[in-house]
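Student: Let's work through this one by question and answer. Keep it brisk, please.

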Amino acid sequence: MSQSDQKLQIAEQKTIVFYDDELVAVRAESGEVYVSMRQMCDALHLNLSGQLQRIERTAVLERGYRAGDIQTGGGRREVKLLKLNVVPLWLATISTKSIKSDELRERLEKYQTEAAQVLWEAFQTG
């Protein structure tokens, strides 16, 4: 069984607004923070399936990849989650040069430089 098949036990869930995008992040019972891949891909106009395949082909990314159940408006739903400490690495694998839209390129660059910090800060207390 791969790590991505092991369901994450979630202790806390938050929705974080980042440049007008709503991202779902969770804290696992272990204390580690993960982000929903669907919201990240939707915000960046990336194909979710293709990005999940990219993660599964990269050992260091795959080690931070899990499934977990989050609360949605329609009830609990299983989603794919990426551990926050590897989010910058995943984002760095996406070439901004191949993006034709200036707006999307700028958005991706903001995510590459700021998203992990903002998501991490959302789970800090005090």
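Student: Which residue just after helix 1 takes a positive phi?

Tutor: This is a predicted model: local features need pLDDT of at least 70, side-chain atom pairs count only at pLDDT 80 or more, and totals for chains, interfaces and linings use all residues. Numbering runs from 1 along each chain as its sequence is written, and side-chain values use heavy atoms, without hydrogens or water. Helices (H or I, at least four residues) and strands (E, at least two) are DSSP runs numbered from the N terminus. Just after helix 1, a positive phi of about 60° belongs to His45.

Student: Where do the buried residues of helix 1 sit around its axis?

Tutor: Buried means under 20% relative accessible area, exposed over 50%, partly exposed in between (1.4 Å probe, protein chains only). In helix 1 (residues 37-44), Met37, Met40, Cys41, Ala43 and Leu44 are buried. They cover an arc of only 160°, taken from the directions from the helix axis to the C-beta atoms, so they lie on the same side of helix 1.

Student: Which aromatic pair links distant parts of the chain?

Tutor: Rings of Phe, Tyr and Trp (its six-membered ring) pair if their centres lie within 6.5 Å; planes under 30 degrees apart are stacked, over 60 edge-to-face, the rest tilted. Phe18 and Tyr111 are edge-to-face, at 4.8 Å centre to centre and 90° between the planes. Phe18 lies in strand 2 (residues 10-18) and its partner in helix 5, 93 residues apart, so the pair is Phe18 and Tyr111.
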